[in-house]
Amino acid sequence: MRTRVDDRLKAELAQFQLRYSCEHCAYFEPEAERCALGFPNDEHRALTPSSTTLVFCKEFELA
């Protein structure tokens with residue numbers, strides 16, 4: 001699922017400490033910076049200041 005990144009989303013992510021990216025997923029292998037299930041993860045990583053779109057992974061499992 002794709003959603004637009006705006007100031008409201010950024011504020012809610014911070015206020016509620018929402019976890020959404022590979023870095024917080026149980027399937028993320030931090031040493032290799034890859035998905036243990038083999039999915040490409042470029043679009044699912046943490047937001048950067050220039051991010052305009054957030055892409056949720058359907059396999060996300062909170063670690």
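This passage describes the cavity, the cysteines, the salt bridges and some backbone features of a predicted model.

The interior is considered to begin with. The model holds 1 cavity of 30 Å³ or more, and the space within the largest cavity comes to about 110 Å³. Its lining is made up of 15 residues, and those that lie nearest the centre are Cys 22, Cys 25, Cys 35, His 44 and Cys 57. When the lining residues of the largest cavity are sorted by class, 11 are nonpolar, 3 are polar and 1 is charged.

The cysteines beside this cavity raise the matter of disulfides, of which the count is 0. For Cys 22, the closest cysteine sulfur belongs to Cys 57 and lies 6.5 Å away, which is too far for a bond, because a disulfide requires two cysteine sulfur atoms within 2.5 Å. The sulfur of Cys 25 likewise has that of Cys 57 as its closest cysteine sulfur, here at 6.4 Å, and this too is too far for a bond. Cys 22 is buried, its relative accessible area being 11%, and Cys 25, with a relative accessibility of 13%, also counts as buried.

His 44, another of the residues nearest the centre of the largest cavity, belongs to the loop between E3 and E4. With a relative accessible area of 14%, His 44 is buried, since the term applies to values under 20%. The side chain of His 44 makes polar contacts with the backbone at two places: the backbone oxygen of Val 55 is reached at 3.1 Å, and the backbone nitrogen of Cys 57 is reached at 3.5 Å. Cys 57 therefore appears in several parts of this description, as a residue nearest the centre of the cavity, as the holder of the cysteine sulfur closest to that of Cys 22, and as a contact of the His 44 side chain.

Charged side chains form a further group of contacts, and the count of salt bridges comes to 6. One of these joins the side chains of Arg 4 and Asp 6, with a distance of 3.7 Å from N to O. The two partners differ in their exposure, as Arg 4 is exposed, with a relative accessible area of 61%, whereas Asp 6 is partly exposed, at 26%. Asp 6 also takes part in a contact at the start of helix H1, which spans residues 7–15, where one of the side-chain oxygens of Asp 6 comes to within 3.3 Å of the backbone nitrogen of Arg 8.

Another salt bridge connects Glu 29 with Arg 34, and the closest N and O atoms of this pair are 3.0 Å apart. Glu 29 is partly exposed, with a relative accessible area of 23%, and Arg 34 is partly exposed as well, with a value of 43%.

The side chains of Glu 33 and Arg 45 also meet in a salt bridge, in which the distance from N to O is 3.9 Å. This pair links distant parts of the chain, for Glu 33 lies in the loop between strand E2 (28–29) and strand E3 (34–35), while Arg 45 lies in the loop between E3 and strand E4 (53–55), and the two residues are 12 residues apart. Glu 33 is partly exposed, with a relative accessible area of 48%, and Arg 45 is partly exposed too, with a relative accessible area of 23%. Through salt bridges that share partners, Glu 23, Glu 33 and Arg 45 are joined into one network.

Backbone angles are the last topic. Glu 33, already described as a partner of Arg 45 in a salt bridge, has a phi near 50°, which is a positive value in a residue other than glycine. Gln 17 is likewise not a glycine, yet its phi is positive, at about 50°. Gln 17 follows H1 and has its place in the loop between H1 and E2. With a relative accessibility of 56%, Gln 17 counts as exposed, whereas Glu 33, at 48%, counts as partly exposed, because the term exposed is kept for values over 50%.

Notes
Residues numbered from 1 in each chain as written. Predicted model: local features only at pLDDT ≥ 70, side-chain atom pairs only at ≥ 80, totals over all residues. Heavy atoms only, no water. Buried < 20%, exposed > 50% of the residue type's maximum accessible area, 1.4 Å probe, protein only. Polar contact = N/O pair within 3.5 Å; in protein donor to acceptor, adjacent residues only side chain to side chain. Helix = DSSP H or I, 4+ residues; strand = E, 2+ residues; numbered from the N terminus. Salt bridge = Lys/Arg side-chain N within 4 Å of Asp/Glu carboxyl O. 1 Å grid on protein atoms, 1.4 Å probe; cavity = no way out; pocket = protein on both sides within 12 Å on 5 of 7 lines; lining within 4 Å. Points joined across faces, edges and corners; volume = space filled by probe spheres on them. Nonpolar A, V, L, I, M, F, W, Y, C, P; charged D, E, K, R; others polar.
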